[in-house]
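Dear colleague,

I am passing on the structure we talked about, and below the display I have set out what was found in it. Please read the notes with the structure open beside them.

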Amino acid sequence: MKDARQTEAEILAALEKAVDQMDEEGAVKSAQDALLAGIDPYFAITNGLSKGMALVSDKYESGVYFVPEILLCADAMYAAIEVLKPHLKPQQSGDNTPVIIGVIEGDIHDIGKSIVRLMLEAGGFTVYDLGNDVPVSAFIEKAREIGRGIIAVSTLMSTTMPGMARLIETLKSEGLRDSFKVMIGGGPVSQSFAAKIGADAYGANAMEGVRIAARWQEVLR
Ligand code: B12
């Protein structure tokens, strides 16, 4: 007789599928299954839900899904994240180091940024989420308010990449550059773009963002 319990691979596949199929109920159920099966919630997010969102991205790009579908897929992902979030154990202690995070002005894509935020919070950082379409002036205002820390900036569009360069330039001209480490991320940006604009690091995904931030804690103390 087949064991009624689902294997880890089956649960991860169910999470991926629920996001892809816009199945909020299924996503919540599979997130609960993941917890019951003792799957690390980080692993469930990165190897289940994020994979589903990557599939959805491909479908959008190939014209299978359109805006409404994308948003419903994201809703399913967020619903599952709500179940997993309370069970995320800090992997490193962020020691409450402040992180200002936002999507640069002109860009409303905030799904990736929200995952980075969640992982940073779970990693013990104090995150100030400025949202999407954030003007450089808003980053600067917050930076002045907190004085010292990390700035994490996201963009998914090539047209809005120059805003990241403007942010670094403005941090310099406002005398704030030495007090903040800056990391960038999102589809069109890269390590070489980070170097070109004078950002301190590029992170390809949320876990990398947390690892970078954890490295910086020491110097920011
Ligand atoms: C979902 C989506 C949308 C949704 C956004 C919903 C939302 N609330 O975010 C909707 C439908 C609204 C949308 C709108 C548009 N979109 Co759109 N969209 C996408 C799509 C399909 C998926 C993006 C996504 O959410 N991926 C899933 C997340 C989890 O992945 P992620 O964002 O990459 O984030 C991960 C990493 O990149 C990284 N990361 C991200 N940020 C950061 C930051 C830091 C600091 C670190 C360390 C890491 C990090 O970590 C994340 C998690 O691991 C992409 C296609 C693609 N391949 O990316 C197009 C895409 C980004 N969109 C595109 C475009 C053009 C648009 C529109 C202009 C379309 C239009 N003509 O109206 C508008 C944007 C209007 C605007 N002013 O912003 C283009 C951009 C092209 C370009 N290179 O400039 C893409 C690439 C599609 C394409 N090939 O044409 N879009």
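A word on terms before anything else: the domain bounds used below come from an automatic or database domain assignment. Please also keep in mind throughout that this is a predicted model.

On that assignment, the protein is divided into domain 1, which covers residues 8–87, and domain 2, which covers residues 98–220. The C-alpha centres of domain 1 and domain 2 lie 25 Å apart, and the contact between them takes 6 residues from domain 1 and 4 residues from domain 2. On the side of domain 1 that touches domain 2, helices H3 and H4 each supply at least two residues, and the largest share, 3 residues, comes from H3. By character, the residues on that side of domain 1 divide into 3 nonpolar, 2 polar and 1 charged.

Where does the ligand lie with respect to the two domains? Both domain 1 and domain 2 give residues to the shell around the ligand, so the ligand lies between them. Of the 35 residues around the ligand, those that come nearest are Gly 112, Ser 154, Gly 185, Gly 203 and Gly 209. Two or more residues of the shell come from each of helix H3 (41–61), helix H4 (67–84), helix H5 (111–122), strand S3, strand S4 and helix H9. The shell as a whole divides into 16 nonpolar, 14 polar and 5 charged residues.

Turning to the sheet, 5 strands form an open sheet in the order S2-S1-S3-S4-S5, with parallel pairing. The edge strands, each of which pairs on one side only, are S2 (126–129) and S5 (201–202). Helix H9 (residues 206–220) packs on this sheet, where it touches S1, S3, S4 (180–185) and S5, and the direction of H9 makes about 170° with that of S4.

The pairings of strand S1 can be followed to either side. Strand S1 (residues 98–103) is joined to strand S3 (residues 149–154) by 5 bridges, and these two strands run parallel; within this pairing, Ile 100 has Ile 151 of S3 as its bridge partner. S1 also pairs with S2 in the parallel sense, over 4 bridges, and here the bridge partner of Ile 101 in S2 is Asp 129. As a general point, in a regular strand the side chains alternate between the two faces of the sheet. In strand S2, Val 127 and Asp 129 make up the covered face, while Thr 126 and Tyr 128 make up the uncovered one.

Two individual residues may be worth locating on the display. Tyr 202 is found in the edge strand S5, and Tyr 202 counts as partly exposed because 19 other C-beta atoms lie within 10 Å, where 20 or more would be needed for a residue to be buried. Leaving aside residues up to four places away in sequence, Tyr 202 touches Met 183, Ile 184, Gly 185, Val 189, Ser 190, Gln 191 and Ala 194. By contrast, Tyr 202 and Thr 159 are 43 residues apart in sequence and 18 Å apart in space, C-alpha to C-alpha.

Leu 118 lies in helix H5 and is likewise counted as partly exposed, with 19 C-beta neighbours inside 10 Å. With residues up to four places away in sequence again left out, Leu 118 touches Ile 81 and Lys 85. Leu 118 and Leu 88 are 30 residues apart along the chain, and their C-alpha atoms are separated by 9.5 Å.

Finally, there are two backbone details in loops. Met 22, in the loop between helix H1 (8–20) and helix H2 (24–36), has a positive phi of about 60° although it is not a glycine. Is Met 22 buried or exposed? Met 22 is buried, because 20 other C-beta atoms lie within 10 Å. Asp 133, which lies in the loop between S2 and helix H6 (136–146), has a positive phi of about 50° although it, too, is not a glycine. Asp 133 has 17 other C-beta atoms within 10 Å and is therefore partly exposed.

With best wishes

Terms used
Residues numbered from 1 in each chain as written. Predicted model: local features only at pLDDT ≥ 70, side-chain atom pairs only at ≥ 80, totals over all residues. Pairing = 2+ DSSP bridges. Contact = placed C-beta atoms within 7 Å. Axes fitted to C-alpha atoms, helices over the stretch in contact; angles between N-to-C directions. Near = placed C-beta within 6 Å. Nonpolar A, V, L, I, M, F, W, Y, C, P; charged D, E, K, R; others polar. Buried ≥ 20, exposed ≤ 12 C-beta atoms within 10 Å, placed from the backbone.
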